[in-house]
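Here's a short set of exercises to work through with a viewer open. Try each task before you read its solution.

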Amino acid sequence: MKIGFNLLLWTTHVTDADAGVLEQLKAAGYDGVEVPVFEGDEVHYAALKARLDGLGLASTVVAIVQDEARNPLSDDPACRQAGIDYLKWLVDCSAALGAEVLCGPFYQPLGVFSGSGPTPDEWQRMVEAHRAMASHAAGAGLTIAVEPLNRFECYALNTAERAAALADAVGADHYGYLYDTFHANIEEKDPVGVIAETAGRIAHVHVSENDRGTPGRGHIDFQATFDALRRAGYDGWLTVEAFGHALPDIAAATKVWRPLFGSEEQVFGEAIDLIRRGWAAAAHNA
């Protein structure tokens, strides 16, 4: 098990200006960071890899579909192809970074709704686009973890059951789904029980409180979650995801209007303690 921290708390594009944050997370004991890939190129991410290597930090990547022009679900063939090309670009940047996991809701633009769930045609387009993505990532040492989001953020993929079904349809050993405690708290009738039901397809985990603030200060049952993950044999990344309101675009996307924590230091300091204690206790509870 490795403990990571999602850098979207500070930035959507990691540069030299974020060196202090990286050093703080390393000093706090984190094994790695989750890097947003929203812009840039392979050269940029190769340089960032060198910086992370120098600090002894591993990496994962988080990404989204940013606009309708690159929507893999679009009924416009040109937009759909642009979406597939975009997914391949995400793989290339992740590989240049040396990332272990590429995760996120990279199947539709966020906040776009059709008024119903995905149509059979949209589902098939999602499968085909992600098969192409997985094929492009073959041999790169990269795990792809698609993230189901709650119904207030997207319509195409909302539950662990459907995410596991997508992984089965894609049919690649290095393709699974991301289990996120925040989204599971909203969408799953049994947020902990669904871990055992879909264990074979969980490829990444986000540790996120019910209000997206400091893990451990809300009502998510993290100990039961860690227990279930250990019983299921999960031994991958546990990556903290929290959001503030300092970045207007991210605050708007995550609907964060108010302060959710006292400081960033509180979030990453308390979160790593929560995970270490909880994971150790889970070994005895398994």
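The exercises below all concern this predicted model.

**Exercise 1. Work out how the strands of the barrel are ordered and how strand 1 is joined to strand 2.**

Step 1: Trace the sheet. Eight strands form a closed barrel in the order 1-2-3-4-5-6-7-8, and the pairing is parallel.

Step 2: Check the twist. On average, neighbouring strands of this sheet are turned by 30 degrees against each other, ignoring direction.

Step 3: Zoom in on one pair. Strand 1 (residues 2–6) and strand 2 (residues 32–36) run parallel and are joined by three bridges. If you want a residue to click on, take Phe 5: its bridge partner in strand 2 is Val 33.

**Exercise 2. Find which strands helix 5 and helix 10 lie on, and at what angles.**

Step 1: Start with helix 5. This helix lies across strand 5 (143–146) and strand 6 (175–180), and runs at about 165 degrees to strand 6.

Step 2: Go on to helix 10 (residues 264–285). Packed on the sheet, helix 10 touches strand 1, strand 7 (202–207) and strand 8 (237–240), and its direction makes about 155 degrees with that of strand 1.

**Exercise 3. Classify the packing of helix 4 against helix 5, and say what kinds of residues make the contact.**

Step 1: Get the geometry. Helix 4 (residues 120–137) packs on helix 5 (residues 160–170) at an angle of about 60 degrees, and the axes are 9 Å apart.

Step 2: Name the arrangement. With that angle, helix 4 is oblique to helix 5, and the crossing is right-handed.

Step 3: List the players. Helix 4 brings Trp 123, Met 126, Val 127, His 130, Arg 131 and Ala 134, while helix 5 brings Arg 162, Ala 165, Leu 166, Ala 169 and Val 170.

Step 4: Sort them. You end up with eight nonpolar residues, one polar and two charged.

**Exercise 4. Are Arg 212 and Thr 254 buried or exposed, and what does Thr 254 touch beyond its sequence neighbours?**

Step 1: Place Arg 212. You'll find this residue in the loop between strand 7 and helix 8 (222–231). Its phi is positive, about 70 degrees, even though it's not a glycine.

Step 2: Apply the cut-off. Buried means under 20% relative accessible area. Arg 212 has 4%, so it is buried.

Step 3: Do likewise for Thr 254, which sits in helix 9 (residues 248–254). At 15%, Thr 254 is buried.

Step 4: Look for contacts. Leaving aside neighbours within four places in sequence, Thr 254 is in contact with Arg 212 and Phe 243.

Step 5: Try a distance. Tyr 234 is 20 residues from Thr 254 in sequence, and their C-alpha atoms are 28 Å apart.

Terms used
Residues are numbered from 1 along each chain as its sequence is written. This is a predicted model: local features need pLDDT of at least 70, side-chain atom pairs count only at pLDDT 80 or more; totals for chains, interfaces and linings use all residues. Side-chain values use heavy atoms; hydrogens and water are left out. Axes are lines fitted to C-alpha atoms, for helices over the stretch in contact, and angles run from 0 to 180 degrees between N-to-C directions. Helices (H or I, at least four residues) and strands (E, at least two) are DSSP runs, numbered from the N terminus. Angles under 35 degrees count as roughly parallel, over 145 as roughly antiparallel, 65 to 115 as roughly perpendicular and the rest as oblique. A crossing is left-handed if the near helix is turned anticlockwise from the far one by less than a right angle, and right-handed if clockwise. Contact means heavy atoms within 4.5 Å. Ala, Val, Leu, Ile, Met, Phe, Trp, Tyr, Cys and Pro count as nonpolar, Asp, Glu, Lys and Arg as charged, and the others, Gly among them, as polar. Two strands pair if DSSP finds at least two bridges between them. Buried means under 20% relative accessible area, exposed over 50%, partly exposed in between (1.4 Å probe, protein chains only).
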